[in-house]
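Work through the exercises below with the sequence and the 3D view open. Try each task before reading its solution.

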Amino acid sequence: MDKSRIVITCAKGVTPFLKEEVLSLDLPVRSVSVAGVETEGTMEDAMRLNLFLRTGQRVLFWVGDLEARNADELYAGLFRIAWEDYFTPDEYLCVTSAVDNPTIRDSRYANLKGKDAIVDRIKKKLGRRPDSGPARTGAVVDLYWKGDRCSVSLDTSGEPLYRRGYRKIPLQAPMQETLAAAVVAATGWKGKRNFVNPMCGSGTLAIEAALTALNKAPGLIRKNFGFMHLRGFNRPSWNAMVQAARGRIRKSFPGKIVATDI
C-alpha cells in the first residue's frame, strides 16, 4: 500500500510521550490532539508502530473520507470503496465506530450498516461474504463519523495495544499497560537507577519498567495484529522486524525493580 495518514490514539495526557516515540521511529508528526498523534507512512510503517509503541492504543491507517448525513448515505459511501483490495472473503471482519451524528442514537447501528456495506461489496466483487462480528481478532475497519463527515481507516492493531499478551489472569481493574508505560516514561526511568513500586497491585508499572529497561518491544509478546489479516500482508518483512527487535533486547540493566503489595 502507498503512504497514507496514520492516526495513533492514546489516553488523554499521553500525547507528549507518544509524539516522542513516533519521532524516535523516524516518522514525522503531522499533528497532535488531546488523545492522538497523526503521522504518515506505509503499511510497513504501521507494522513498526504496532511492534514498538509503548504508549499508543490503536494504529489507524487512513483509507478515505466520505460524506454521510444518515445511515443510508454511510452505506452508499462505504460500498463505493474497493474493499476487495484490502481483504478477502476468508478473513473475519469487525467494524468499530465513534459516532456524533443526530440521526444515530447507538454506534452499534453504524457498525452494522458499515459491516453490511463492506461485506455486500466483497460479495459483489468476489462472490462470497466474509464472516463478521464484534471480535477484533481479524480485519478491523474503524469509522470516525462526526456530523456529515466520516473518516474511514483500517485498524492495524486489531485488539488495542494495551493488550500486550503477558497478562494471563487479569485482575479486577489493572492500570492499562499503555498508560503505565507513559507513567514510567514520565519518571525518566531507563534502568540505570532503582524503580520502587509500593502497592503495585497486578504489577503493571513494574512490568512496563522492566520492558523499557530491557529495550524489549512490547509488540514482541503478541501473536496477532489487525494488519496480519489484510490482503498483501508481508510476512517475511514482519518476521525481519521481529528478529531485529529481538536483537536489540538488553540482557540486563544495573538498576533494581522492587514491587510490593499485601
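**Exercise 1: The strand in the middle**

Asp65 has Ser151 in S7 as its bridge partner. The model is predicted: local features need pLDDT of at least 70, side-chain atom pairs count only at pLDDT 80 or more, and totals for chains, interfaces and linings use all residues. Residues are numbered from 1 along each chain as its sequence is written, and side-chain values use heavy atoms, with hydrogens and water left out.

Task: find the strands that pair with S7, and state the sense of each pairing.

Solution.
- Step 1. Fix the terms. Strands (E, at least two residues) and helices (H or I, at least four) are DSSP runs, numbered from the N terminus. Two strands pair if DSSP finds at least two bridges between them.
- Step 2. Start at Asp65, which lies in strand S4 (residues 58-67). S4 and S7 are antiparallel, with seven bridges.
- Step 3. Turn to S6. S6 and S7 also run antiparallel, joined by six bridges. Here Asp142 faces Ser153 of S7.
- Step 4. Look at the turn. S6 and S7 make a hairpin with two residues between them. Gly147 in this turn has a positive phi of about 65°.
- Step 5. Check burial (buried means under 20% relative accessible area, exposed over 50%, partly exposed in between, with a 1.4 Å probe and protein chains only). Six of the seven residues of S7 (residues 149-155) are buried, so the strand is largely enclosed by the rest of the structure.

**Exercise 2: The whole sheet**

Task: give the strand order of the sheet, and say which strands stand at its edges.

Solution.
- Step 1. Write the order: S2-S3-S1-S4-S7-S6-S5. This is an open sheet of seven strands with mixed pairing.
- Step 2. Read off the ends. S2 and S5 each have a single partner strand, so one side of each is left without a neighbour in the sheet.
- Step 3. Add the twist. From one strand to the next, it averages 30°. Axes are lines fitted to C-alpha atoms, for helices over the stretch in contact, and angles run from 0 to 180 degrees between N-to-C directions.
- Step 4. Examine the S5 end. S5 and S6 run parallel, joined by eight bridges. Thr96 is opposite Asp142 in S6.
- Step 5. Place the helix. H4 lies across S5 and S6, at about 135° to S5. Contact means heavy atoms within 4.5 Å.

**Exercise 3: Salt bridges**

Task: which residues does the network around Arg5 join?

Solution.
- Step 1. Apply the rule: a side-chain nitrogen of Lys or Arg within 4 Å of a carboxyl oxygen of Asp or Glu. The count is 17 salt bridges.
- Step 2. Take Glu38 and Arg5, a salt bridge at 3.6 Å, N to O. Glu38 lies in strand S3 (residues 36-41) and Arg5 in strand S1 (residues 4-9), so the pair ties together parts 33 residues apart in sequence. Glu38 is buried at 19% relative accessible area. Arg5 is partly exposed at 31%.
- Step 3. Take Asp65 and Arg5, a salt bridge at 3.7 Å, N to O. Asp65 is in S4 and Arg5 in S1, so this pair links parts 60 residues apart in sequence. Asp65 is partly exposed at 37%.
- Step 4. Compare another pair, Arg128 and Asp90, at 2.9 Å, N to O. Arg128 lies in the loop between H4 (107-126) and S6 (139-146), and Asp90 in the loop between H3 (71-79) and S5 (93-100), so the pair ties together parts 38 residues apart in sequence. Arg128 is partly exposed at 43%. Asp90 is exposed at 60%.
- Step 5. Conclude. Salt bridges with shared partners join Arg5, Glu38 and Asp65 into one network.

**Exercise 4: Positive phi in two loops**

Task: are Asp26 and Met199 buried or exposed?

Solution.
- Step 1. Begin with Asp26. Its phi is positive, about 60°, although it is not a glycine. Asp26 sits in the loop between H1 (15-24) and S2 (31-33). Asp26 is exposed, at 70% relative accessible area.
- Step 2. Move to Met199. Its phi is near 55°, a positive value in a residue other than glycine. Met199 sits in the loop between S8 (195-197) and H6 (204-213). Met199 is exposed, at 72%.
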